[in-house]
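Let's take a walk through this one together. Have a look at the model first, and then we'll go through it piece by piece.

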Amino acid sequence: MAGGHHRSVKIDPAIERWQNMHNTMYQRFRWTPKNAPILLLWGFGVPSLIYMGISSTNNLWDYTGKNKDESLLRVSPEAESA
C-alpha cells in the first residue's frame, strides 16, 4: 500500500552536478597564489594563536581545595607582592 513510489522526488541535474563537484573538490585542488595565504592563515596562523592563548593560561588556575574567600589563581596576588 505504501510502497512502489520509486523516484518520488524529482532529480535536479544542476544540484547533482554541484554535489558531485563538491564531493570531489580535494581531487582538483591546486596551490595558487590566492589559495596559499588563505590556507597558511587558517592552517597555521589560527591554530598557533589558539595554542598561544591556551598555553599562556596553562597552570594559572587552581580549583582544588579552595575556600570561598581564597583566590583561584595558583599564585595568589598577596604572595607575589610579599
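**A bend in the helix**

Start at Leu 41, where H2 bends by about 30 degrees. Keep in mind that this is a predicted model, so treat that bend as a feature of the prediction.

How far apart are the end C-alpha atoms of H2? They sit 31 Å apart, and because a rise of 1.5 Å a residue gives the 22 residues of H2 an expected span of 32 Å, the two values agree.

The UniProt record has something to say about this stretch too: an unreviewed entry puts a "transmembrane region" at residues 35–54. In the model, residues 35–54 are 100% helix and 0% strand, and the C-alpha atoms at the two ends of that span lie 28 Å apart. H2 itself covers residues 35–56.

Now zoom out to the whole protein chain. You'll count three helices and zero strands, and reading along the sequence gives the pattern α-α-α. How much of the protein chain counts as buried? Just 1% of its 82 residues do. The protein chain exposes about 8100 Å², with carbon and sulfur atoms supplying 62% of that area.

Next, move on to the loop between H2 and H3, which is where you'll find Asn 59. Check its backbone: phi of Asn 59 is near 60 degrees, a positive value in a residue other than glycine. Is the Asn 59 residue buried or exposed? Its relative accessible area is 54%, and since the cut-off for exposed is over 50%, Asn 59 counts as exposed.

Leu 72 also has its place in the loop between H2 and helix H3, the latter running over residues 77–81. Leu 72 has a relative accessible area of 37%, so it is classed as partly exposed. It has company as well: Leu 60, Trp 61, Tyr 63 and Leu 72 make a nonpolar surface patch of about 420 Å². Patch members need over 30% relative accessible area, and the 37% of Leu 72 satisfies that.

Note on methods:
Residues are numbered from 1 along each chain as its sequence is written. This is a predicted model: local features need pLDDT of at least 70, side-chain atom pairs count only at pLDDT 80 or more; totals for chains, interfaces and linings use all residues. Side-chain values use heavy atoms; hydrogens and water are left out. Patches are made of residues with over 30% relative accessible area and no salt bridge: like charges are joined within 9 Å, nonpolar side chains (Val, Leu, Ile, Met, Phe, Trp, Tyr) within 5 Å. Accessible areas come from the Shrake-Rupley method with a 1.4 Å probe; for residues, only the protein chains shown count as cover. A salt bridge is a side-chain nitrogen of Lys or Arg within 4 Å of a carboxyl oxygen of Asp or Glu. Helices (H or I, at least four residues) and strands (E, at least two) are DSSP runs, numbered from the N terminus. Buried means under 20% relative accessible area, exposed over 50%, partly exposed in between (1.4 Å probe, protein chains only). UniProt positions are given in the numbering used here, feature names are shortened, and annotations may be inferred rather than shown by experiment. The expected span of a helix is 1.5 Å times one less than its number of residues. The bend at a residue is the angle between axes fitted to the seven residues ending there and the seven starting there.
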